[in-house]
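Reader: Hi! I have a structure open on my screen and would love some company while I look through it. Could you walk me through it?

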Amino acid sequence: MTAARQPSPTEPLVVVGAGPIGLAAAAHAHARGLPTVVLEAGGEAGASVREWGHVRLFSAWRELVDPVAERLLADTGWVAPDPDTYPDGDEWVDRYLAPLAAALDATDLVEVRLDSRVVGVAKQGRDRLVDSGREEAVFTVHVESGGVRRRLLAAAVVDASGTWTGPNPLGTDGLPALGEAEHADRIFYGIPDLSDPRVRERYAGKHVAVAGRGASAQNTLVGLAGLADAGTTVSWLLRRAGTADAFGGGDNDQLEARGALGKRAERAVAGEHVRVVTSFRTAEVVGGDDGRLTLVDADGRSVTGVDEVVVVTGFRPDLTWLSEVRLDLDPVLSSPTTLAPLIDPNVHSCGTVYPHGVAELAQPEQGLYLAGMKSYGRAPSFLALTGFEQTRSIVAAIAGDHEAAARVELVLPESGVCGGSGQFDGVPTEASGGCCGPVEPQLVTIGAPTQATGGGCGPSCG
Ligand SMILES: Cc1cc2nc3c(=O)[nH]c(=O)nc-3n(C[C@H](O)[C@H](O)[C@H](O)COP(=O)(O)OP(=O)(O)OC[C@H]3O[C@@H](n4cnc5c(N)ncnc54)[C@H](O)[C@@H]3O)c2cc1C
């Protein structure tokens with residue numbers, strides 16, 4: 001293997017996505033003196049977070065600010081939010097991501113380009129087939145901006161473009177259910193903003209089917225409970241045979257707000273306005289003469305009289321624009337193969353995450369890395385803290401500091417679900433006999449530096 005290219009002003013590090021993890025990567029690159037261009041498809045930094053801006057995070061500010069980014073911001077007179085309070089998505093953008101993007105862009109080393117969508121990454125002059133001169137070749141990054149397509153050279157590429165734009169469909173075989181596209185005007189993908197009067201009107205007094213499980217489904221169920229007095233009823237569709245573990249670890253969750261959300265959702269589901277429909281695998285959406293929908297599952301069971309459907313079934317990465325680079329991805333998750341065993345929900349029902357870095361994220365294409373939510377592929381358990389640690393390690397490797405790249409400098413919270421029913425999608429997992437057998441992760445409480453990490457600490461450390 002040849003030595004990795006060092007980013008330069010003409011061949012910078014290109015970061016795809018100005019979300020929390022892309023900007024953290026740029027902050028680490030700045031701290032190491034690496035020329036960097038951040039390409040963001042949206043009109044502002046944190047464009048995807050803005051789309052769920054009404055949702056309160058279950059992480060406190062201390063877990064949502066990268067420590068190196070915090071140092072850069074501190075030099076600009078930025079006032080850090082109270083580390084023990086919980087922002088919503090809009091506040092995460094307004095109080096952290098937007099100022100961070102501005103601070104980075106004001107430096108000589110980093111440029112943040114908005115309205116710049118990456119539509120392709122390749123090795124210059126070489127499609128995926130060609131071996132010859134591949135390692136030495138620079139990357140070409142194809143970017144669309146204002147209807148014009150341009151090419152940018154890059155010494156290294158960090159893809160932190162997230163998965164928000166790739167929601168899973170209602171169809172439980174992973175393909176859109178029959179009739180799903182036809183009835184798209186009645187189907188919402190994400191967490192409805194019920195503080196918006198127009199959105200409240202859409203769901204008030206309606207029969208709403210909510211498909212999915214996890215924090216987004218919990219948020220949706222809690223939100224819709226607030227419309228019970230307006231006559232809203234809910235059918236909660238679950239693929240699993242029961243609701244065990246559906247509400248997380250409650251008091252045992254080391255992310256207190258995540259545990260509290262689960263408890264609120266459990267109370268919401270206990271209300272008379274909610275009907276839980278288990279073992280339901282949606283296969284078809286059928287429109288009736290009365291204007292209402294019927295959802296039909298693979299076994300022919302149906303949920304009738306549905307006015308609206310909310311789909312919160314997770315996300316999947318967009319790999320289309322990486323078709324000309326060589327990737328080593330897990331066939332199940334589409335995450336880097338080495339990372340997959342640490343995060344696969346078929347193996348780890350607990351939803352606990354493990355610190356990892358460049359060793360798990362590097363791709364066969366030298367200089368290319370997946371980071372952030374995208375690196376988790378279809379796995380649901382990503383935390384921003386994990387992404388900050390990923391970028392610290394990746395950027396250290398790009399800078400040639402392999403000792404720092406190999407270090408683990410992170411402490412992560414447990415979900416508190418371990419040792420529960422041990423089922424993922426109705427299939428027993430090893431968590432039934434205690435969580436996460438084959439891995440020997442370091443699991444310690446947020447904010448508590450340990451000897452094993454060499455005194456490394458969470459984002460609250462200045
Ligand atoms: C509702 C919700 C609540 C969450 N709550 C928490 C929480 O409490 N705590 C926690 O730790 N984590 C939480 N997460 C998980 C995770 O931390 C966030 O999703 C976080 O935003 C992921 O950051 P990211 O930078 O990887 O991706 P994103 O935030 O999705 O950012 C990706 C960026 O890339 C841009 N982009 C996409 N495609 C392209 C392209 N082709 N070219 C250029 N730019 C592109 C997008 O516009 C976007 O700005 C939550 C996630 C969701 C959805």
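Author: Happy to; we can go through the overall build, the ligand, the strands and a couple of loop residues. One thing to keep in mind is that this is a predicted model.

Reader: Good to know. How many helices and strands are there in the protein?

Author: The protein has eleven helices and 18 strands. Its 462 residues include 51% that are buried.

Reader: And what about the accessible surface of the protein, how much of that belongs to carbon and sulfur atoms?

Author: Carbon and sulfur atoms account for 50% of an accessible surface of about 19400 Å². On contacts, if you take those between residues at least 6 apart in sequence, 71% join residues at least 24 apart.

Reader: Let's turn to the ligand. Which residues come nearest?

Author: There are 30 residues around the ligand, and the nearest are Glu40, Phe58, Ser59, Met373 and Ala384.

Reader: What are the 30 like by class?

Author: The shell has 20 nonpolar residues, eight polar ones and two charged ones.

Reader: Which backbone atoms lie by an oxygen atom of the ligand?

Author: A polar backbone atom of Phe58 is 2.8 Å from a ligand oxygen. Met373 also has a polar backbone atom 2.8 Å from an oxygen of the ligand. For Pro20, a backbone N or O atom lies 3.4 Å from a ligand oxygen.

Reader: How much of the ligand does the protein bury?

Author: The protein buries 93% of the 970 Å² that the ligand exposes when taken alone.

Reader: Nice. Which helices and strands supply at least two residues of that shell?

Author: Helix 1 (20-31), helix 2 (47-51) and strand 4 (117-123) each do. Helix 2 gives the largest share, with three residues.

Reader: Since you mention strand 4, which way do strand 4 and strand 5 run, parallel or antiparallel?

Author: They run antiparallel, joined by six bridges, and strand 5 covers residues 139-145. One pair to click on is Gly120, whose bridge partner in strand 5 is His142.

Reader: What about strand 5 and strand 6, how many bridges there?

Author: Seven, again in the antiparallel sense, with strand 6 at residues 148-154. Val141 stands opposite Leu152 of strand 6. Strand 5 and strand 6 form a hairpin with two residues between them, and Gly146 in the turn has a positive phi of about 60°.

Reader: Where would I find a parallel pair?

Author: Try strand 2 (residues 36-39) and strand 3, which run parallel and are joined by four bridges. There, Val37 has Glu111 in strand 3 as its bridge partner.

Reader: In strand 3, which side chains are buried?

Author: Val110 and Val112, which point to one face. Glu111 and Arg113 point to the other face and are not buried, so the side chains alternate along residues 110-113.

Reader: Switching to loops: which residue has a positive phi of about 50° although it is not a glycine?

Author: That is Ser279. Look for Ser279 in the loop between strand 11 (274-277) and strand 12 (282-287).

Reader: And is Ser279 buried or partly exposed?

Author: Partly exposed, with a relative accessible area of 32%. Ser334 is another non-glycine with a positive phi, about 60°, and Ser334 sits in the loop between strand 15 (308-311) and helix 8 (340-343).

Reader: Why does Ser334 count as buried?

Author: Because its relative accessibility is 18%, and buried means under 20%.

Note on methods: Residues are numbered from 1 along each chain as its sequence is written. This is a predicted model: local features need pLDDT of at least 70, side-chain atom pairs count only at pLDDT 80 or more; totals for chains, interfaces and linings use all residues. Side-chain values use heavy atoms; hydrogens and water are left out. A residue is near a molecule or strand if one of its heavy atoms lies within 4 Å of it. A polar contact is a pair of N or O atoms within 3.5 Å; within protein, one must be able to donate a hydrogen and the other to accept it, and residues adjacent in sequence count only if both atoms are side-chain atoms. Accessible areas come from the Shrake-Rupley method with a 1.4 Å probe; for residues, only the protein chains shown count as cover. Ala, Val, Leu, Ile, Met, Phe, Trp, Tyr, Cys and Pro count as nonpolar, Asp, Glu, Lys and Arg as charged, and the others, Gly among them, as polar. Buried means under 20% relative accessible area, exposed over 50%, partly exposed in between (1.4 Å probe, protein chains only). Two strands pair if DSSP finds at least two bridges between them. Contact means heavy atoms within 4.5 Å.
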